[in-house]
Amino acid sequence: MKEIDETLPEVVKNFLRKGAKLENITLHANGRWTHEGSPIENRNVAKAFHRHIDRTQGGTWVIHMAPYTYPIEVEDVGFFVERVSVDGNMLELDLLGETRLELDAAGLVFEEPDRLYIDLPNGYRARFLRSAYNTVMQYLDQDERGYVLDFGEKTYVLKPL
């Protein structure tokens, strides 16, 4: 049996200690949700899940809609950039779940061959989905320093993952 995260709510820990099994809800590396292997088709449910994803102090990913907390599986990251616009050195990001952020491009991280991430203010990392990735990649170049984003007024050397 997998060790129980002691930072989960008491009701969840008690459920698991009794040997009960949770239904599997997974957030895939492409930002899509499944329940017991079947896609979650309802856009409102998926949006709500994206808005309420969190992580316990013990490291378990959860959907937390107070007062309820439900452990989930996450393949890559818990947050995804759906759209991005570039304004100087600032990026305006639309995350899945309808959250909008404006962040400095200095938080960008590139993983070969084609994954782009950004560090979020909440301490997590978000992955760029294909359309947002393509928008930022228009500014990408490579030189002796590595991968470089040139936004005109400011240039960033991307941190490798």
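In what order do the three strands of the open sheet lie? Select strands 4, 5 and 6 to find out. The model is a predicted one, and in it these strands form an open sheet with the order 4-5-6 and antiparallel pairing. Strand 4 (53-55) and strand 6 (68-71) are the edge strands, each pairing on one side only. From one strand to the next, the twist averages 40°. In general, the strands of a sheet pair through backbone hydrogen bonds.

Next, select strand 5, residues 61-65, together with strand 6. Four bridges join strand 5 to strand 6 in the antiparallel sense. Pick V62 and look across to strand 6, where P71 stands opposite.

Now go to D5, in the segment before helix 1 (10-17). Is D5 buried or exposed? D5 is buried, and it has no salt bridge. The nearest side chain of opposite charge belongs to K13, 7.5 Å away; a salt bridge would need a side-chain nitrogen of Lys or Arg within 4 Å of a carboxyl oxygen. Show T60 as well: the side chains of D5 and T60 make a polar contact at 2.6 Å. Leaving aside neighbours within four places in sequence, D5 is in contact with K13, T56, G58, G59 and T60.

Finish at helix 2, residues 43-51. At its start, a side-chain oxygen of N42 comes to within 2.8 Å of the backbone nitrogen of N44. Farther along, select A46, A48, F49 and H50, which are buried. What covers the buried residues of helix 2? The cover includes strand 1 (25-27), strand 2 (33-35), strand 4, strand 5 and strand 8 (79-87).

Technical notes: Residues numbered from 1 in each chain as written. Predicted model: local features only at pLDDT ≥ 70, side-chain atom pairs only at ≥ 80, totals over all residues. Heavy atoms only, no water. Pairing = 2+ DSSP bridges. Helix = DSSP H or I, 4+ residues; strand = E, 2+ residues; numbered from the N terminus. Axes fitted to C-alpha atoms, helices over the stretch in contact; angles between N-to-C directions. Buried < 20%, exposed > 50% of the residue type's maximum accessible area, 1.4 Å probe, protein only. Lys, Arg positive; Asp, Glu negative; His and termini not counted. Polar contact = N/O pair within 3.5 Å; in protein donor to acceptor, adjacent residues only side chain to side chain. Contact = heavy atoms within 4.5 Å.
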